[in-house]
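Here is a short briefing to read beside your structure. It begins with open space and then turns to the packing around it.

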Amino acid sequence: RRSFTQQLDQSLARPYAYLRTDAILFIDIDNFKSINDEYGHEGGDQFIVHIADAIKSQIKGNGYAARFGGDEFTVCLPGVTETSVRKICDKILSAARKPVQYGNQVIKGEISIGVHINNKTATSSELLRAADIALYNAKNSGKNQLVVFNENMARQLSARRDLERRLQTAHENEEFELNYQPIMDSRTSKIVGFEALLRLPDGDGGYIPPDRFIPVTESIGLIAPISKWAMHEALTTAKTWPGKLFIAINLSPRQFEDGNLVSTIKSAIEQTGFPPDRLELEVTESLFLGNTEAVDLQIEELKKLGASISLDDFGTGYSS
């Protein structure tokens with residue numbers, strides 16, 4: 001890392017450096033933890049060597065590269081155009097996807113690449129940060145791809161950081177709210193229950209849309225504690241309703257990952273004294289695309305509590 005930044009600083013300090021366009025690449029292995037978990041750290045190390053070879057095979061002395069740390073690499077390509085950088089990155093992506101023989105096993109993996117084309121006046125740290133922001137966008141856009149930095153990305157990242165801080169503050173100070181949307185019986189036009197909807201005040205009298213804050217809540221690991229609060233709050237409120245009205249509560253696929261979901265809901269039912277047969281738990285179809293065995297077991301345990309399960313947003317995703 002130190003060698004790379006020193007070379008980059010020296011390159012930027014050369015006379016007439018502003019006349020040449022350099023590209024900075026920030027490369028990260030996708031889902032590297034899964035590779036380590038499945039093949040062990042030696043297998044993970046071998047895959048890191050594979051990625052280093054993939055990078056070296058494509059730059060061929062036209063630039064310099066470094067393992068920046070962990071499963072991250074950086075590359076500087078001097079005197080290039082965006083078109084030529086994209087071609088090189090496509091070749092690196094393709095080389096990285098080739099299977100790696102590890103003993104009697106085959107390791108397959110992918111990488112994401114963030115690219116910044118030098119704007120002539122930036123420092124080495126600014127160049128690396130811009131490439132890192134582009135990498136962040138490549139990861140968030142589905143991975144296994146390259147993304148070229150633009151200034152809008154920096155603004156988006158700043159807004160994302162602000163939202164993360166707002167979520168943390170709202171969680172610590174219990175500033176979230178629950179709204180209750182009526183569910184009607186289409187045959188009788190009567191209200192038969194309500195769906196609990198999580199809402200986040202923006203601090204200025206308005207609300208941050210759920211489709212903005214829910215994914216961020218999931219990605220920073222706050223969905224479980226916030227959902228635990230929402231479950232207890234919703235059941236406490238619903239217990240005051242007439243006996244036949246049910247409460248529908250959304251569950252995030254992330255809540256099924258830590259193994260605490262069933263005990264959390266069971267605890268909320270016991271603490272509030274809410275009848276479980278009036279509780280409807282809504283799940284999305286994406287829940288069943290991953291570890292379905294573990295999900296099925298939890299679904300069965302939730303049914304044993306007496307709650308019903310419904311499919312939310314049917315037809316808007318894979319089933320459509």
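**The largest pocket**

The largest pocket holds about 520 Å³ of space. This is a predicted model, where local features need pLDDT of at least 70, side-chain atom pairs count only at pLDDT 80 or more, and totals for chains, interfaces and linings use all residues. Residues are numbered from 1 along each chain as its sequence is written, and side-chain values use heavy atoms, with hydrogens and water left out.

- Among the 23 lining residues, L198, I214, N250, L251 and S252 are the closest to the pocket's centre.
- Two or more lining residues come from each of β9 (190–201), α6 (210–219), α7 (223–238), β11 (246–250) and β12 (279–284).
- With five residues, β9 gives the most to this lining.

**Nonpolar cores**

- The largest nonpolar core (buried Ala, Val, Leu, Ile, Met, Phe, Trp, Tyr and Cys residues joined through side-chain atoms within 4.5 Å; buried means under 20% relative accessible area, with a 1.4 Å probe and protein chains only) has 39 residues.
- L235, I247, L251, F256, I265 and L279 have the most contacts inside that core.
- α7 gives the most to this core, with six residues.
- F256 touches (heavy atoms within 4.5 Å) L251, L261, V283, L287, V295, Q298, I299 and L302, leaving out residues up to four places away in sequence.
- Another core, of 30 residues, lies apart from it and includes I35, F47, I51 and V75.

**Helix α4**

- Buried residues in α4 include L127, L128, A131, I133, A134 and L135.
- After α4 comes G142, with a positive phi near 120°.

Technical notes
Buried means under 20% relative accessible area, exposed over 50%, partly exposed in between (1.4 Å probe, protein chains only). Helices (H or I, at least four residues) and strands (E, at least two) are DSSP runs, numbered from the N terminus. On a 1 Å grid over the protein atoms alone, a cavity is a set of points where a 1.4 Å probe fits but cannot get out, and a pocket is an open set with protein on both sides within 12 Å along at least five of seven lines; lining residues have an atom within 4 Å of a point. Grid points are joined across faces, edges and corners, and a volume is the space filled by probe spheres set on the points.
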